[in-house]
Amino acid sequence: MELISLFPTWYEPAVGSGWVVGFIATFHILASHTSVGAALLFAYLSYRAWKDDRDDYLDFVKKYGLFLLVFTYVAGSLTGVGIWYSTTVASPNGIGALIHSFVWKWATEWVFFVIEVIGIYMIVYLVGKVDKKTHMKISVIFGIASFATMVIIVGILSFMMVPGKEAWFEDGGYLLGFYGDNTFIQLAMRAMFMLTMTAVVGGIIVAGIKDQAFKKEMTRKLGWLGIIATLLGAAMFQLYLNSVPDYALLVMENRLPDYFGPSIAIVLALTIGYFILTMVQPKFLVSGFAGTMAIVILVAGLWPEETARESMRKPWVAGQYVYSNQIIGRDVPGMDIQSQLPLIEKIGILKAHPFTPEHLQTVNDGNKIQAGEFITMTYCANCHSVSDSGIRPLHRYFPDQVNEEVMARYIRGALVPGNIAYMPKMPMLESEVQAIAAYLTKINNDGLAATSLAISEEIANREAKQLADKADLVVSMKPTTEEMQ
Amino acid sequence: MEVAQLTDMMYALRNPAGVPFYPIVFIALGVLTFAMHIFFVQLMLGTGAITAYGAFSNNPYWQRLASAMLEIAKVSVSVAIVIGVAPLLFVQVVYDPQWYTANVLSARWVIGFIVIMIMAYWLMYYYYFRNGKFGQGADKPKARWSIIASLAIFLLAGWIMHSLTSQMLHPELWQQWYMPNGAMDTTGSQLHANNPWRFAFFILIAIPVAGAMMVAYRRFKSVREDADHAYLNWTAELGKKWLKVGSLLVLIPYLGWMVTLPETAENFAGSIWSILPALGFIGLAVWSHLRLNDAKSICNYMVLAMAFIAVLLPSIGREVLRYDILNGFFGYNFFDYKVIIDWYSTLLFFGTFAVVGGAVLGYFLTIAWKVGQSKGVYVPSAAVDRAGTIAIWVISLWMVHFFVLGFWVWMQ
């Protein structure tokens, strides 16, 4: 039996599985970047508290640390696990490709996670219980450990876009996959972003400071941190765009919505304006304002940026060899990986998929719509919804009342040979083309309910036929009167 | 589907990238870190249950104990989550065919798990912030519902994980779960498999684990000048009772689990791997009865290690059970995973774990320990202070190595 590594499909009709991953990942990035940035800020403040004998810096660290402990560490660590869970169900081979190449790097990051979690408790609860020098040492270790989690994950995230070095495809190995242009520039960009977030979220804590002179001092410190980090971050983003493959930029230009550029510019201006305003007039800094700014940056800044990164790597989802629909579309001799496309071309996607039930392995008049549904879920559901809502609904791509022949021609000409730049190549047997065309036409013209009904009828007819066949078999096995005598 | 077809299917689902080191190492690390994770889960549940009981009790000792155990419960959740990352990583390395399939088939629950964990965790903090350090002569705790709700939601999260790990072991039912009655179900809205006995066993271990913590708590606090020995002795006596009764109590659901194992694991129940966990808990009860009579003895700390061993044994048994089902019945051997050795990243992990982890956590835990036993501001000795400096050097050198090596590779 010839099978490829394909899992069942999880299809989320309301928003799309890709968006579920996106929601969780964006929230995690907000929480984790703030945590790492704050850890570096704590190291600095704790050092100053020791050097200048300042208790108020340590009080600030304690308050900010407790806030982080409850919000970003709880939500951050769980949404971090959430990224694994959501990609596991939405893109098992995508996350599998990363896990199998970088398991030890993730395990190394885990060592730093453990240090981080114990460290944040110590930083918060030991203020006033240990001398300032010891607190400083704990904070410095904590700051470096937090940053270590960032540097490790960035290499893995970069691999999703493109392996560090082109030589990885031929030679394999962790180092060539991990380190590259994209890795370091992305690290610099994220480091700046995390400092911006630290300054913005820190405003929530500064807003609660009663001592006006100290409030002014901290507002200034965070303000300068925020302005410098935001400007450098914007510059790094431009550099980052230069570090990605040309086709990724082409995809970005074609695929991203028009509001992408302006929204990034507006968020930049808003962020810098916010820091200047609060530095000039610290009384404007109230916790609600700072909290709102954190949300604004999340929704208008981080979300488009992450969406762009996700869109740009299409049709690939990991390492430029796993397609977004989970099929391996390229040879990687360095890892002894072979493209799965030739096998699918030979035997069809239905026979190659390990979860295709027996009754769908060969297309016939009695299972055509259901086979089409199976193929659509396998090939398309990662990026397209079959309903009206959700991610890139399929019906938007086809005219009303399209017929099966036109649909089949489109599939044969565009999808099967892989003629759409940002979409995977999707090999199918001619019978499979007919099946998916029948399904997509039905969905497009008659809607989901009618298509589900048609599939139910196919199943009912098949079961009825099986019963009838069984009955025939029983009848044919009955001995005749003559034989009984 | 025939067994041979299921075997082919599982082999096909393996990730073609292979693994960067021998599978046995990932399995061993998976077992060890799972045992650590579940130990802290049980500690969290046990101390959380004490917190909840103390919230409704009029006994001042119970209230004080509840307040102290809430601190442990909060930290235990954090530690359980962060340690839980490791077995979650390793399960994806060698059990990816089984784990990914089980998850995708219950995708909504997998996503829901994250949300409900955040809810449960925040509810625990909510209770903490509403009450602070209650039980020190303060009024009745407020928002007592929140600690109960927190525990209930944590149990639901546990049930989801229990169900997913059960689903891994039923490849014969995967197809049926994906296409019930012949129609495709891509919603992932069902939890398909469970064994309530197994779930009850892992949850009830919280009783002896919390008992061990109460005994160790007495020993830890009793050296302080301001120690209230009457209260601490009461706590330790209660802990001993929980240890002994709890260790024997868990044998009931354990037996239930062994009796209800699927047919695919028919040889496991009578094997040494199923008997050892039971012996472990009987041993813990006996050891606690014999060795915890002297309040100053080191055994009052060792009890935590003994409880951990008792948890480790079923963690090993659980792994052997997986092997029995997947290999013994279905012929799927996870030891023959394609290996493409990557020495650098392998050594990087073990080096970071031993050198960075050892230096930093040794320093952190020494400070935390000393602070817990000191009154007022703790100033470390020269040796402890030097350990801090060494830890900073070690972690800084790690960072230097990361960039130096990275830039070198980049420039090639």
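Chain A and chain B bury about 9,100 Å² between them, and 78% of that area sits on carbon and sulfur atoms. Keep in mind that this is a predicted model. If you want to know where chain A puts its share, look at Tyr85(A), His100(A) and Trp104(A): they supply 11% of the area that chain A buries against chain B, more than any other three residues.

**The interface**

In residue terms, the contact takes 99 residues from chain A and 108 residues from chain B. Polar links are there too: 29 residue pairs are in polar contact across the interface of chain A and chain B, both partners being at pLDDT 80 or more. On the chain A side, the elements giving two or more residues to the surface that touches chain B are α1 (17-52), α2, α3 (92-125), α4 (132-161), α6 (174-178), α7 (181-206), α14 and α16 (430-477). Of these, α3(A) brings the largest share, 25 residues. Sorted by class, the chain A side splits into 69 nonpolar, 19 polar and eleven charged residues.

**Salt bridges**

Side chains of opposite charge can pair when their charged atoms come close. How many salt bridges does the structure hold over all chains? The count is 21, and two salt bridges run between chain A and chain B. Asp385(B) pairs with Lys137(A) in a salt bridge, with the closest N and O atoms 3.1 Å apart. For an example inside chain A, take Asp52(A) and Arg48(A), whose side chains meet in a salt bridge at 2.7 Å, N to O. Why are Asp52(A) and Arg48(A) separated by about one helical turn? Because they are four residues apart in helix α1 of chain A.

**Cavities**

Searching the whole structure turns up six cavities of 30 Å³ or more. Here are the two at the top of the list, side by side.

| Cavity | Volume | Lining residues | Nonpolar / polar / charged |
|---|---|---|---|
| Largest | about 800 Å³ | 42 residues | 31 / seven / four |
| Second largest | about 100 Å³ | 14 residues | nine / five / no charged residues |

Which residues lie nearest the centre of the largest cavity? They are Phe34(B), His37(B), Ile38(B), Val41(B) and Met161(B). The lining draws on both chains: α2 (55-90) of chain A, plus α2 (23-56), α3 (60-94), α5 (107-131), α6 (144-168), α8 (196-204) and α13 (299-329) of chain B, each supply at least two residues. Among the contributors, α2(B) gives the largest share, eleven residues.

As for the second largest cavity, Phe7(A), Pro8(A), Thr9(A), Gln326(A) and Asn382(A) lie nearest its centre. The elements that give two or more residues to the lining of the second largest cavity are α2 and α14 (368-379) of chain A.

**Backbone oddities in chain A**

Two spots in the chain A backbone deserve a look. The peptide bond from Lys314(A) to Pro315(A) is cis, with omega near 10°. Where does Pro315(A) sit? Pro315(A) is in the loop between α11 (287-312) and β1 (316-318) of chain A.

The other spot is Arg392(A), a residue other than glycine with a positive phi, near 35°. Arg392(A) also belongs to a loop, the one between α14 and α15 (404-415) of chain A.

Note on methods: Residues numbered from 1 in each chain as written. Chains lettered and ligands numbered in written order. Predicted model: local features only at pLDDT ≥ 70, side-chain atom pairs only at ≥ 80, totals over all residues. Heavy atoms only, no water. 1 Å grid on protein atoms, 1.4 Å probe; cavity = no way out; pocket = protein on both sides within 12 Å on 5 of 7 lines; lining within 4 Å. Points joined across faces, edges and corners; volume = space filled by probe spheres on them. Nonpolar A, V, L, I, M, F, W, Y, C, P; charged D, E, K, R; others polar. Contact = heavy atoms within 4.5 Å. Buried area = accessible area lost by both parts, 1.4 Å probe. Salt bridge = Lys/Arg side-chain N within 4 Å of Asp/Glu carboxyl O. Polar contact = N/O pair within 3.5 Å; in protein donor to acceptor, adjacent residues only side chain to side chain.
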